[in-house]
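Work through the exercises below with the coordinates open. Each task is followed by a solution in steps.

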Amino acid sequence: MYLTKRLLWLTLFLSIPLNSLLPSYGRDIAIEAYNNSVVFSDTDDHWANLCLDGMGTEGLMRGYQNGSFRPDRTMTRTEFAAVMVQAFPDMPKLREAPNFVDVADDFWGKKAISTAYEKGFLTGYPDNTFKPAQPISRVQSIVVLANTQKLSPST
């Protein structure tokens, strides 16, 4: 039941344009696990308010440390990595994470990037980069979610 609710919220989340939902690349986004629900300070008048509140209530999204969500900003690969790690904490580790040349040791999302790579959510690029600030497209995020859930197209 718990996994079903999380998958439902992620499905709703992915049905909304990513560039209108998620915070921009920033160093103050929180990614660790939370047990408390969150009410975002800047989503009351947003068209996706119910979905955002649901993700906050489920603990899938925490937003920024000042309580904002910044719903009209674009999501980056790092932020998506943090969301996937938060949404699927029990996924098994499939491989070892490399040291991406463009992810500094003191970068706020380094742990999320490493974990998302280890669990097979995201990959890097052939030149050993991750491109943490690169926006993630809706198609890319749907492919990651489908692969995570081992979904395949129906005939």
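The exercises go from the overall fold to the core, the charged pairs and the aromatic rings.

This is a predicted model, in which local features need pLDDT of at least 70, side-chain atom pairs count only at pLDDT 80 or more, and totals for chains, interfaces and linings use all residues. Residues are numbered from 1 along each chain as its sequence is written, and side-chain values use heavy atoms, with hydrogens and water left out.

**Exercise 1. Describe the secondary structure and the burial of the protein chain.**

Step 1. Helices (H or I, at least four residues) and strands (E, at least two) are DSSP runs, numbered from the N terminus. The protein chain has 5 helices and 0 strands, which gives the pattern α-α-α-α-α along the sequence.

Step 2. Buried means under 20% relative accessible area, exposed over 50%, and partly exposed in between (1.4 Å probe, protein chains only). Of the 155 residues, 48% count as buried.

Step 3. Accessible areas come from the Shrake-Rupley method with a 1.4 Å probe; for residues, only the protein chains shown count as cover. The accessible surface of the protein chain is about 8500 Å², and 54% of this belongs to carbon and sulfur atoms.

Step 4. Contact means heavy atoms within 4.5 Å. Among contacts with a separation of 6 or more, 79% come from residues 24 or more positions apart.

**Exercise 2. Determine how far helices H2 and H3 are covered.**

Step 1. In helix H2 (49-58), 7 of the 10 residues are buried, so H2 is largely enclosed by the rest of the structure. Leu52 and Met55 are among the buried residues of H2.

Step 2. Just after H2, Gly59 has a positive phi of about 80 degrees.

Step 3. In H3, 11 of its 11 residues are buried, including Arg77, Glu79 and Gln86.

**Exercise 3. Locate the largest nonpolar core and trace the contacts of Phe80 and Val144.**

Step 1. A nonpolar core is a set of buried Ala, Val, Leu, Ile, Met, Phe, Trp, Tyr and Cys residues joined through side-chain atoms within 4.5 Å. The largest such core has 30 residues, and those with the most contacts inside it are Met61, Phe80, Met84, Phe121 and Leu122.

Step 2. Helices H2, H3, H4 and H5 (138-148) each give two or more residues to this core. H3 gives the most, with 6 residues.

Step 3. Leaving aside neighbours within four places in sequence, Phe80 is in contact with Met75, Leu122, Ile136, Ser141 and Val144.

Step 4. Val144 lies in helix H5 and is buried at 9% relative accessibility. With the same neighbours left out, Val144 is in contact with Phe80, Met84, Phe121 and Leu122. The C-alpha atoms of Val144 and Met84 are 9.0 Å apart, for residues separated by 60 positions along the chain.

**Exercise 4. List the salt bridges and identify the network.**

Step 1. A salt bridge is a side-chain nitrogen of Lys or Arg within 4 Å of a carboxyl oxygen of Asp or Glu. The whole structure contains 3 salt bridges.

Step 2. Lys93 pairs with Glu96, with the closest N and O atoms 2.9 Å apart. Lys93 is partly exposed at 47% relative accessibility, and Glu96 is exposed at 57%.

Step 3. Lys93 also pairs with Glu118 at 3.9 Å, N to O. Lys93 lies in the loop between helix H3 (77-87) and helix H4 (110-118), and Glu118 lies in H4, so the pair ties together parts 25 residues apart in sequence. Glu118 is buried at 17%.

Step 4. Lys110 and Asp105 form a salt bridge at 3.7 Å, N to O. Lys110 is buried at 17%, whereas Asp105 is exposed at 69%. Shared partners join Lys93, Glu96 and Glu118 into one network.

**Exercise 5. Characterise the aromatic pairs.**

Step 1. Rings of Phe, Tyr and Trp (its six-membered ring) pair if their centres lie within 6.5 Å; planes under 30 degrees apart count as stacked, over 60 as edge-to-face and the rest as tilted. The search finds 5 aromatic pairs.

Step 2. The rings of Phe100 and Phe130 have centres 5.4 Å apart and planes at 50 degrees, so this pair is tilted. Phe100 is in the loop between H3 and H4 and Phe130 in the loop between H4 and H5, 30 residues apart. Phe100 is buried at 7% and Phe130 at 0%.

Step 3. Ring pairs link Phe100, Tyr117 and Phe130 into a cluster.
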